[in-house]
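Reader: Hi! I'm in my first year and still learning to read protein structures. Could you pick a single part, take me through it closely, and then show me what surrounds it?

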Amino acid sequence: MKKTHIILLVLIAVSIVALISYTGDLSSYETIASAKQREGKFVNLIVKMDKTEPVNYDPVKDPNLLKFHVQDSLGGKISVVYHNTMPTDMEKSERLVLKGRVQGDHFECSTIVMKCPSKYKDNPNVMKEQPVTISN
Amino acid sequence: MNTTTFLGEQLLPGQIGYFLTILSLVASLVATFAFAKSFYAKELAIEIEWKRFAKIAFIIEAIAIFLCFVVLFYIIYNHRFEYKYSYSHSDKSMPLQYLLSCFWEGQEGSFLLWSFWHAVLGLIIMTRSAKWGNQTNGVMMVLSFVQFCLATMIVGLYIVDFKLGSSPFILLRQEMSWPILSRPDYLQFIKDGTGLNTTLQNYWMVIHPPILFLGFASTTIPFAFAVSGLLKKENNWMNFVLPWATFSAAILGLGIMMGAAWAYESLNFGGYWAWDPVENASLVPWLVLVAGIHTNIIFRKTEGSLKATYLFYGLSFLLVVYSTFLTRSGILGDTSVHAFTDLGMNAQLLGFLLIFVIPYFILFGIRYKHLKEPVKEDEISSREFWMLVGSFVLFLSGLVMIAITSIPVFNKIFGTKIAPPEDPIFAHNQVQIFVAIIIGIFTAFGQYLKFKSTEGDYIKKHLKYPIILSLILSGILFAFVGVAYNDKGVGFLAAIYVAELAAVYSIVANAYYWGSMLKGKLKSASASVGHLGFGLVLLGILISSSNKTVLSWNTTGISPLRVDKEQKNNPAGNPKENITLFEGIQTDMGKYDVTYLRDTFDYLDKRFFELKFAAKKSKEIFFLYPDVLKNNKAEGFSANPAAKHYWNKDIFVYVTSFQDHSEKDTTQFKPYQMAVGDSIFYSNGYIKLEKVLINPRQNIGTGNNELVLQLKVTSKEGLVYNAKPGIFLEGMTLRPEYDTVKAQNLVLSFNKVVDQKKGTLELGVKESAALTNLITLKVYEFPFINILWLGVIVMTIGFSMASWARIKKLKS
């Protein structure tokens, strides 16, 4: 066996170890109900905003505090606390991916990923509605 | 059949466009076939005959693509909103350069851009490949076939129920089912397009996509060479491919880093690199391509690393196609911030991927045993030994990256619900920092070794000074700049230090090699320059990322935040990086006192905020103007940061939210009766009436009188403000003079004197959020980011020099 081959095998082994150690860090997508059962564990929620509930954000009092409510496709609901500014266009987003953990009665969110209709407007589902620019 | 005639539509450009896309589809297929015939021709006469025909087909295809480009730009430029592409990607207010960004915002336009570069490259190859012999036909055959596949993406044909591609020339009324679109005069009502995503309205977005797609397109050439080499069992192409491969590495690397520059300057990512799947997907092909260039050089010198070169060049293109699949299929939807959304073309995109991956690996497998490498083992003291190891490190680091990026694909196939880790950036960093260390060191000493083998004395003699010099320089660096990042424990901190040392070593050793071994000559300096650039990139990344600081930590009294220590370590509570500024009130922000002076709108409805920064230590004062742009006729806004650039750091500020005063203030004054010495409460503290002043000012005119209340406002946080509302008596008319305490949202008025004997007065208090202009800011300081940009430029120059030197060598 050549020395290069041995080194290559070692490198491949190291890469596999790196990948395996990475899988230890992975989290999971959960529903609101299952996230509540795993309180304190870092999870990802795919939700949309619950627009029947108020959104609390007052930059005068605290620019790093946003409270809102979300629901998932199974009907689960939870309130969310996000220690950051309110993301632009959040209300318009058809879907939110929240990363964080359930703490007590609320979801302590560390990151919000938005799927904004305005972001990439190719999505045919969004274009079905008439835009505001057209007035009759 | 509906025979409504629609008024005001211009259908000709679209019809021409459709025709051109179909023409390019057919012509590229014909070219593929004809080049294949020529490639496999047994007689020279037949080969030449087919080649001539194939060239004509390819030229027609190229012209069709160029004209397609022109037609689509015509539609966008003239705001022909009857076309969906124009309607959904542009609007009338857009300046010319952003109309180009509109062009490549959509999937169709960017496919067209990709095709465009292939056409350009193909035309260049046809004129510059006299020495390649029959290989030209093989390369052009593959290139034409890739062009055919790309043409299917934009042709927009329905084959029974299957939609083949998505045409950029489709009409709005063909695609949408809005009732209004059935009216003959519907165009009258479509006044404007929905515009370009505001974050893409940035000059980097004008230039970054063309460069990146040229990079993507150019990876096709090494791949095409590899395919034709495997088919014909010929390896001599490895001499011709190097200028193309190094050109591709230069452009692709530059394109990727322009994207990073865009992220740095425009997006609220807080940095230039976030390990976003879209970023990874374009970085990995580059890493593999660079690995391929190195094994290619090994092959030319020693006949070794042949299989690796075929593997790397092949994979580099295949990974570009894979990244196309990832970013355009919508599969990254939940993990990426800026992937395209699903166009309903996933089956086709998957087909595009498999039609290259499967045949290539079958071909590679069949030919594997024909790829003969020398049996002799590489010496440890030889250059090729370390180049090969280094190439594999790059390749494997790319594989780890792409494996992590592919988690959504894994979820899709196996129905799992795996999500990225809590700290995805660190998950990548902790692996890749070791790659940085290894590659840094390899690039440093690699050139000091000779091919085949190197004597020990030679190594000792020449490597001594660079090592000593780098240790000294690193020591200075650690002493003066250091690493301000120890969130992840001692191990990672140590790794950062070692990586910085490796980067410095790489820079010093390559500069030294160029200076002393090559005597500063430019002719064969490309490797030194390229590696020097790479070292600078590493150093820039390490220093700037590990010393990035947030200036706007919210610790001021203005915001009643309870920042307890416990919460600071809680990742969810950590991003308290936003601070609120009130108009006209100076706010303490670490090294600076910052005041929000005013704001103003420009003609595009951009709202600029004027911020005054006054350094506490020095007398330095500067102004920054971050702005926000209302998002295309809808609610929301998009913020553009402003930056103060120094040679050694950048200060970035962007507005994360602001108060909009478009709503009318409906709050009423609340009356309070009080005498001197009395206090009343408002929502956030109390107001004390200290004194009543009679005519406190001079020169108010004879016969006029003024009565002023001297008030002391104390907030819950213990901050004290003075206010002096008054009444002005001008003859018989009475005019109130309001006073405001902006930081407390208070408007105060002296309403009237209730009882002169008892000294009771009426004070009006209005608490109104609409009173103050306020903005919420994030301010970052990035030190030494310029080392990174300088490194990118130097590395690009290095690759270009390699490409240029190789072209010259091939000519002679």
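Author: Happy to help; here is a walk through chain B, beginning with one helix and its neighbours and then moving on to the strands.

Please keep in mind that this is a predicted model. For orientation, the secondary structure of chain B comes to 21 helices and 24 strands. The C-alpha trace of chain B spans about 120 × 85 × 50 Å along its principal axes. Of the 812 residues in chain B, 49% are buried. If you take the contacts in chain B between residues at least 6 apart in sequence, 70% of them join residues at least 24 apart.

Now for the close look. Find helix 4 of chain B, which covers residues 96-105. Is helix 4 of chain B largely enclosed or not enclosed by the rest of the structure? Seven of its 10 residues are buried, so helix 4 of chain B is largely enclosed by the rest of the structure. You can pick out the buried ones by name: B:Tyr98, B:Leu100, B:Ser101, B:Cys102, B:Phe103, B:Trp104 and B:Glu105. What covers these buried residues includes helix 2 (44-77), helix 3 (84-89), helix 5 and helix 8 of chain B.

Let's follow one of those covering helices. Two packed helices are described by the angle between their axes and the distance between the axes. For helix 4 and helix 5 (residues 107-127) of chain B, the axes come within 5 Å and cross at roughly 95°. The two helices are therefore roughly perpendicular to each other. On the helix 4 side of chain B, the contact uses B:Phe103, B:Trp104 and B:Glu105, and these meet B:Gly109, B:Ser110 and B:Leu113 in helix 5 of chain B. Sorted by class, the residues of this contact are three nonpolar, two polar and one charged. Notice that B:Phe103, B:Trp104 and B:Glu105 are also among the buried residues of helix 4 of chain B.

Helix 5 of chain B has a further partner to look at. Its axis and that of helix 8 (residues 203-218) of chain B come within 9 Å and cross at roughly 55°. That angle makes helix 5 of chain B oblique to helix 8 of chain B. The crossing of helix 5 and helix 8 of chain B is right-handed. Helix 5 of chain B contributes B:Ser110, B:Leu113, B:Trp114, B:Trp117, B:His118 and B:Leu121, while helix 8 of chain B brings B:Pro209, B:Pro210, B:Phe213, B:Leu214, B:Phe216, B:Ala217 and B:Ser218. By class, the contact of helix 5 with helix 8 of chain B has 10 nonpolar, three polar and no charged residues. B:Ser110 and B:Leu113 of helix 5 of chain B take part here, and they also appear in the contact with helix 4 of chain B.

Now let's turn to the strands. Strands of a sheet pair through backbone hydrogen bonds, either parallel or antiparallel. Look for strand 13 of chain B, residues 649-658: eight of its 10 residues are buried, so strand 13 is largely enclosed by the rest of the structure. Strand 13 of chain B has strand 12 (residues 642-645) of chain B as an antiparallel partner, joined by four bridges. With three residues between them, strand 12 and strand 13 of chain B form a hairpin. Within this pair, B:Ala643 stands opposite B:Phe652. Strand 13 of chain B also runs antiparallel to strand 24 (residues 774-783) of chain B, with nine bridges joining the two. There you can see B:Tyr654 opposite B:Lys778.

Just past strand 24, B:Phe784 is found in the loop between strand 24 and helix 21 (785-811) of chain B. B:Phe784 has a positive phi of about 55° although it is not a glycine. With 21 C-beta neighbours inside 10 Å, B:Phe784 counts as buried.

Finally, chain B has an open sheet of four strands in the order 14-23-22-21, with antiparallel pairing. Its edge strands are strand 14 (670-674) and strand 21 (739-741) of chain B, each pairing on one side only. On average, neighbouring strands of this sheet are turned by 35° against each other, direction ignored. Inside the sheet, strand 22 (residues 746-755) and strand 23 (residues 760-767) of chain B pair over eight bridges. One pair to find there is B:Leu746 with its bridge partner B:Glu767 in strand 23 of chain B.

Conventions:
Residues numbered from 1 in each chain as written. Chains lettered and ligands numbered in written order. Predicted model: local features only at pLDDT ≥ 70, side-chain atom pairs only at ≥ 80, totals over all residues. Buried ≥ 20, exposed ≤ 12 C-beta atoms within 10 Å, placed from the backbone. Pairing = 2+ DSSP bridges. Axes fitted to C-alpha atoms, helices over the stretch in contact; angles between N-to-C directions. Parallel < 35°, antiparallel > 145°, perpendicular 65-115°, else oblique. Contact = placed C-beta atoms within 7 Å. Nonpolar A, V, L, I, M, F, W, Y, C, P; charged D, E, K, R; others polar. Left-handed = near helix turned anticlockwise from the far one by under 90°.
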